[in-house]
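Have the structure open and turn it slowly as you read. We'll begin with a ligand and what holds on to it, then move over to the metals.

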Amino acid sequence: RAKELGGRRVEVFATHMHADVLRRLEIASDLQRALLENQFAIEYQPVVDLATSQVTAVEALVRWWRGSTFVPPEQFLGPAEDTGIIVPLSEWILREACREVAAWRASSWDIGLALNLSARQIMAPRFVETVAEALSESGLPASKLTLEVIEEMLVEDAGEMISRLSELRTLGVRLAIDDFGTGYASLAFLRQLPVDMIKIDPSFVSGLGRDDTLTLLTKTIVQLGNDLGLIVVAEGIERPEQLDLLRKMGCTRGQGYLVARPMTARGVDSLMPSTTLQNTA
Ligand code: C2E
Ligand code: MG
Ligand code: MG
Ligand code: MG
């Protein structure tokens, strides 16, 4: 009887495992095909200077249109990382985004590019060389590229990762900590890292003016960043009240639906300051 039950349990487990393996294989081959068939696209979300409202940079965000179905990044980035497809995918995003931002800059628009990095991408062979190549091929100045990492990537056994990022920083590339405040690295770690910028997570910004604790925490992070000489970007600004408070707190830059949604490259074209046209007229 016990054997019977045990046997059945094994069978149930095996069936689950089978389904899981199949699902992973399926998403892996889907991602591979998506890459070959150019199903990926890039959207750009503007980042603005809160004092002047001018666009200082655009953040590249990957998009996957699987046929007519939009698959959100949270759904495929994990599998892409597990299967290693993140490496060629990220390289395409890097080269394409550098090229597009360099083209905007060629119309005398002084904007930068922010890119999200994945751990596997950083650890891939030739990561540093690939970034250097993307810069030289596109003509984008290193100082106009900001690479975003999350705290988790820099905590444990991150020696090699930090040394690769430091190497890029030596080339003039800027580094940002994304989703700041949600990880473990936070305060003490900031002093040891070669970081130029922190991006405050929307979970803080969302509470601005509505929740005393979140408002105080946001204010503290802004102050800390300013005191350390870092650029502080607030993410997820959706309400005018948040924008107001962030300006008063001395936050440097902002990003969010209220300011601008992620958009296609054509959308970014239409944001180009008209002074460019006056210059050439
Ligand atoms: P992230 O880097 O923190 O990017 C900001 C996310 O917040 C984006 O979601 C953006 O669309 C969304 N967002 C911007 N403003 C607002 C707002 O006002 N309200 C709300 N509710 N959301 C806002 P998205 O595009 O879905 O990307 C999610 C995450 O996926 C990104 O978070 C980033 O960690 C990752 N990701 C996106 N593109 C790439 C990529 O090319 N490579 C890598 N490695 N990761 C990427
Ligand atoms: Mg980001
Ligand atoms: Mg973020
Ligand atoms: Mg995020």
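Start at the side chain of Glu-74: an N or O atom there is 3.3 Å from an oxygen atom of ligand 1. This is a predicted model, by the way, so treat each distance as a computed one. Two other side chains make the same kind of approach to an oxygen of ligand 1: Glu-59, with an N or O atom at 3.0 Å, and Arg-63, with one at 2.8 Å. Taken on its own, ligand 1 has 800 Å² of accessible area, and the protein covers 79% of that.

Where does ligand 1 sit? Look for the largest pocket; that's where you'll find it. The elements that put two or more residues into the shell around it are β2 (55–66), α2 (73–83) and β6 (174–180). Strand β2 gives the largest share, with 4 residues. In total, 22 residues surround ligand 1, and the closest are Arg-63, Asn-116, Asp-178, Glu-238 and Tyr-257. As for their character, the shell splits into 9 nonpolar, 5 polar and 8 charged residues.

Keep Glu-59, Asn-116 and Asp-178 in mind, and go to the magnesium ion called ligand 2. Its protein donors are Glu-59 (OE), Asn-116 (OD1), Glu-148 (OE) and Asp-178 (OD), at 2.0 to 2.2 Å. Read along the chain, those donors follow the spacing E-x56-N-x31-E-x29-D. Asn-116 belongs to strand β4 (residues 112–116) and Glu-148 to strand β5 (residues 145–150), so this pair ties together parts that are 32 residues apart in sequence.

Now for the other magnesium ion, ligand 3. Which residue bridges it and ligand 2? Asp-178 does, and the two ions lie 4.4 Å apart. The protein donors of ligand 3 are Asp-178 (OD), Asp-179 (OD) and Glu-235 (OE), which lie 2.0 to 2.4 Å from the ion. In sequence they are spaced D-D-x55-E. Asp-179 and Glu-235 link distant parts of the chain: Asp-179 is in strand β6, while Glu-235 is in the loop between β8 (231–234) and α10 (240–249), 56 residues away.

If you want one residue to come back to, pick Asp-178. It is among the closest residues to ligand 1, and Asp-178 also bridges the two magnesium ions. Glu-59 is another one to revisit: its side chain has an N or O atom 3.0 Å from an oxygen of ligand 1, and Glu-59 is also one of the donors of the magnesium ion ligand 2.

Key. Residues are numbered from 1 along each chain as its sequence is written. Chains are lettered from A and ligands numbered from 1 in the order in which they are written. This is a predicted model: local features need pLDDT of at least 70, side-chain atom pairs count only at pLDDT 80 or more; totals for chains, interfaces and linings use all residues. Side-chain values use heavy atoms; hydrogens and water are left out. A residue is near a molecule or strand if one of its heavy atoms lies within 4 Å of it. A polar contact is a pair of N or O atoms within 3.5 Å; within protein, one must be able to donate a hydrogen and the other to accept it, and residues adjacent in sequence count only if both atoms are side-chain atoms. Accessible areas come from the Shrake-Rupley method with a 1.4 Å probe; for residues, only the protein chains shown count as cover. On a 1 Å grid over the protein atoms alone, a cavity is a set of points where a 1.4 Å probe fits but cannot get out, and a pocket is an open set with protein on both sides within 12 Å along at least five of seven lines; lining residues have an atom within 4 Å of a point. A molecule sits in a cavity or pocket if more than half of its atoms lie within 2 Å of its grid points. Ala, Val, Leu, Ile, Met, Phe, Trp, Tyr, Cys and Pro count as nonpolar, Asp, Glu, Lys and Arg as charged, and the others, Gly among them, as polar. Donors are N, O and S atoms within 2.8 Å of the metal (3.2 Å for Na, K and Ca); water is not among the atoms, so sites may look incomplete.
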